[in-house]
Amino acid sequence: AIKHNKPLIVHMRNSENEVYEILKKFPKLNFVLHSFAASKDWAKKFLKIGAYFSFSGIVTFKNAEYLRESLSILPLNKILCETDSPFLSPEPVRGKPNVPLHVIHTINFVSEFLSKILEKNPQEIMKKIFQNSLDFFQL
């Protein structure tokens, strides 16, 4: 990824320490933590080494308060949203197969949630999340 100036998408499941130990060795690496679902402490650590954080439908689940705490401490320019199709459908379509169209529910939720913290219009936040995707993928 570094050699070809390409972004890296990292799938991390119950392996925060191992992934962190590897990624911190590559300070020039442009990477996103796909379907981020770790604690606020891990978010802080990964942020220090340049991570982007992509949130899936999990962030909309009632029992995901820990994840919303992680989201709340991140700078807006490091936040992305995703579907993780066909899994992790967001509220209000939880329990159904996920499709790309459902990402709007995740983006709406994240934008509304962050608008209260950042005291910004949700539409501005939504536009910034979209721009973050373009920036990360160099589009």
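A residue is called buried when its relative accessible area is under 20%, exposed when that area is over 50%, and partly exposed in between. This vocabulary is useful from the start, because Glu65, with a relative accessible area of 44%, falls into the partly exposed class. The structure discussed here is a predicted model, and the terms just introduced will return at several points.

Consider first the chain as a whole. Its secondary structure consists of 5 helices and 4 strands. Followed along the sequence, these elements come in the pattern β-α-β-α-β-α-β-α-α. The C-alpha trace spans about 40 × 30 × 25 Å along its principal axes. A compact globule of 139 residues would have a radius of gyration near 14 Å, and the chain agrees with this expectation because its own value is 14 Å. Of the 139 residues, 44% are buried. Among the contacts with a separation of 6 or more, 55% are made by residues 24 or more positions apart.

The strands may be considered next. The 4 strands form an open sheet, arranged in the order E1-E2-E3-E4, with parallel pairing. At its edges stand E1 and E4 (79-81), each of which pairs on one side only. On average, and with direction ignored, neighbouring strands of the sheet are turned by 30 degrees against each other.

Strand E2, residues 31-34, offers a good place to examine the sheet in detail. Its side chains point in two directions: Phe31 and Leu33 go one way, Val32 and His34 go the other, and all of them are buried. With strand E1 (residues 8-11), E2 pairs in the parallel sense over 4 bridges. Within this pairing, Ile9 has Val32 as its bridge partner in E2, while the partner of His11 in E2 is His34. Strand E3 (residues 52-55) also runs parallel to E2, and 2 bridges join them. Here Leu33 stands opposite Phe53 of E3.

How does the chain cross from E2 to E3? It passes through helix H2 (residues 40-48), in a β-α-β crossover that is right-handed. A right-handed β-α-β unit is also made by E1, helix H1 (residues 16-23) and E2. Another helix, H5 (residues 122-136), lies across E1, E2, E3 and E4, and runs at about 95 degrees to E4.

Attention may now turn to charged side chains. Side chains of opposite charge can pair when their charged atoms come close. How many salt bridges does a search of the whole structure find? The search finds 2.

One of these salt bridges joins the side chains of Glu21 and Lys24, at 3.0 Å from N to O. Glu21 has 31% relative accessibility and therefore counts as partly exposed. Lys24 is likewise partly exposed, because its relative accessible area is 39%.

Another salt bridge is formed by Arg68 with Glu65, whose closest N and O atoms are 3.4 Å apart. Both residues belong to helix H3 (residues 65-72), where they are 3 residues apart, about one turn of the helix. Is Arg68 buried or exposed? Its relative accessibility is 8%, which lies under 20%, so Arg68 counts as buried. Its partner Glu65, at 44%, is partly exposed, as stated at the outset.

How values were computed:
Residues numbered from 1 in each chain as written. Predicted model: local features only at pLDDT ≥ 70, side-chain atom pairs only at ≥ 80, totals over all residues. Heavy atoms only, no water. Buried < 20%, exposed > 50% of the residue type's maximum accessible area, 1.4 Å probe, protein only. Pairing = 2+ DSSP bridges. Right-handed = clockwise from strand over helix to strand, strands pointing away. Axes fitted to C-alpha atoms, helices over the stretch in contact; angles between N-to-C directions. Contact = heavy atoms within 4.5 Å. Salt bridge = Lys/Arg side-chain N within 4 Å of Asp/Glu carboxyl O. Rg over C-alpha atoms; globule rule 2.2 N^0.38 Å.
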